[in-house]
Amino acid sequence: MATLAEQVQGERMARIALSMIAEPNDSTTGYVLTRHGGVETLRLIESDDEVPGLARADVLMWRERLAARVMPGLPDQVAQAERHGFGTLIPADKEWPAGLNDLGERAPYLLWRRGAASFLTTALSDRATITGARAATSYGEQVAGELAAGLADEERVVVSGGAYGIEGAAHKSVLAASGQTIAVLANGLDRPYPAGHSELLNRIGDVGLLVSELPPGAAPTRHRFLSRNRLLAALSGATVIPEAGPGSGSMTTVIAARDSAEASARCPAR
């Protein structure tokens, strides 16, 4: 029986397949992918070959974890996903955001997108992330909305996550100002989450941009939300949290933004 690597055609399809079998922010998958590319990564998942630089035990655990998700119908799922009406971006594409390269082995395997990919070609300094508490106070939402409107007036692209509270307030304010906004989701683009923001997210897909590193059909999980936060930080030159509790998952975005800024300082060409 043909292996998965033998059934996919090219780097894009290989990365689509990887997005279906590997969780986001998987450091081992990222290590192999950055060194060998998508097709070879798929081959190594189903082979017994050594992976230079990785301990044998780590490779065995990695293969066991991913091979369990390689189902017979996966190549058909890859083909169906491409016909779903969503585009994809991989590092070879001109719209691929340079800021994601600073994530190194933690970069997404690809981005699924719906909407204006051109928003990602602007300078990193022209994009700003606003995120924060879901259970925000009315004052917090007001501040987020005012910040977002101000950025829109300056023709900056506002990046956020589409959630209730701070993020929803930011998106709504930008749309009201006829500005540009990107929603980075922790689930498949075909199942808007939260459901109460379905209309808002569909509107963003129509006039702005929806992106996710997860394939159509994928459900949100806590791990995926936390992983998504590194993308919120890497996609913009500034991250603002108007309101969040000390234990909020949004605080991981601050850490990711700091790490991204340090990586950018080491390689300032943008």
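The following exchange goes through the sheet, a helix, the largest pocket and some loop residues of this predicted model.

Me: In what order do the seven strands of the open sheet lie?
Reply: The sheet is open and its pairing is mixed. Neighbouring strands in it are turned by 25° against each other on average, with direction ignored. Read across the sheet, the order of the strands is β1-β2-β6-β5-β4-β3-β7.

Me: Why is one side of β1 and of β7 left without a neighbour in the sheet?
Reply: β1 covers residues 87-89 and β7 covers residues 238-240, and both stand at the edges of the sheet. One side of each is left without a neighbour because each has a single partner strand.

Me: Which residue of β2 is the bridge partner of Thr88?
Reply: β1 is joined to strand β2, residues 111-115, by three bridges, and the two strands run antiparallel. Within this pairing, the residue of β2 that partners Thr88 is Trp112.

Me: Which residue in β6 is the bridge partner of Trp112?
Reply: β2 and β6 pair over four bridges in the antiparallel sense. Arg113 stands opposite Val211 in β6, while the partner of Trp112 in β6 is Ser212.

Me: Do β5 and β6 run parallel or antiparallel?
Reply: Strand β5, residues 180-185, is joined to strand β6, residues 209-212, by four bridges. Ile182 stands opposite Leu209 in β6, and Val184 stands opposite Val211. The direction of this pair of strands is parallel.

Me: Which residues cover the two faces of β6, and are they buried or exposed?
Reply: One side of β6 carries Leu209 and Val211, and the other side carries Leu210 and Ser212. Both faces are covered, and these four residues are all buried.

Me: How many of the 12 residues of α2 are buried?
Reply: The cut-off for a buried residue is a relative accessible area under 20%. In α2 that condition is met by Met13, Ala14, Arg15, Ile16, Ala17, Leu18, Ser19, Met20 and Ile21. The helix is therefore mostly covered, and the number of buried residues is nine.

Me: What distance separates the end C-alpha atoms of α2?
Reply: At 1.5 Å a residue, the 12 residues of this helix should span 16 Å, a value obtained because the expected span takes one less than the number of residues. The separation in the model agrees with that expectation, at 17 Å.

Me: Which residues are the closest to the centre of the largest pocket?
Reply: About 260 Å³ of space lies in the largest pocket, and 17 residues line it. By class, the lining has nine nonpolar, five polar and three charged residues. The closest to the centre are Met20, Gln77, Pro215, Pro216 and Ala218.

Me: Which helix gives the largest share of the lining of the largest pocket?
Reply: α2, residues 10-21, and α5, residues 74-82, each supply at least two residues of this lining. The largest share amounts to four residues, and the helix that gives it is α5.

Me: Where is the proline whose peptide bond from Tyr193 is cis?
Reply: The bond from Tyr193 to Pro194 has an omega near 0° and is cis. Pro194 has its place in the loop between β5 and α8, a helix of residues 198-207.

Me: Is Glu155, with its positive phi, buried or exposed?
Reply: Glu155 is not a glycine, yet its phi is positive, at about 65°. Its place is in the loop between α6 (138-153) and β4 (157-160). Because its relative accessibility is 68%, Glu155 counts as exposed.

Me: What is the relative accessible area of Ser178?
Reply: Ser178 has a positive phi of about 60° although it is not a glycine. The residue is found in the loop between α7, residues 166-176, and β5. Ser178 is exposed, and its relative accessible area is 68%.

Me: What separation do the C-alpha atoms of Arg191 and Gly249 have?
Reply: Arg191 is found in the loop between β5 and α8, and with a relative accessible area of 38% this residue is partly exposed. Arg191 and Gly249 are 58 residues apart along the chain, and their C-alpha atoms are separated by 22 Å.

Technical notes
Residues numbered from 1 in each chain as written. Predicted model: local features only at pLDDT ≥ 70, side-chain atom pairs only at ≥ 80, totals over all residues. Heavy atoms only, no water. Pairing = 2+ DSSP bridges. Axes fitted to C-alpha atoms, helices over the stretch in contact; angles between N-to-C directions. 1 Å grid on protein atoms, 1.4 Å probe; cavity = no way out; pocket = protein on both sides within 12 Å on 5 of 7 lines; lining within 4 Å. Points joined across faces, edges and corners; volume = space filled by probe spheres on them. Nonpolar A, V, L, I, M, F, W, Y, C, P; charged D, E, K, R; others polar. Buried < 20%, exposed > 50% of the residue type's maximum accessible area, 1.4 Å probe, protein only.
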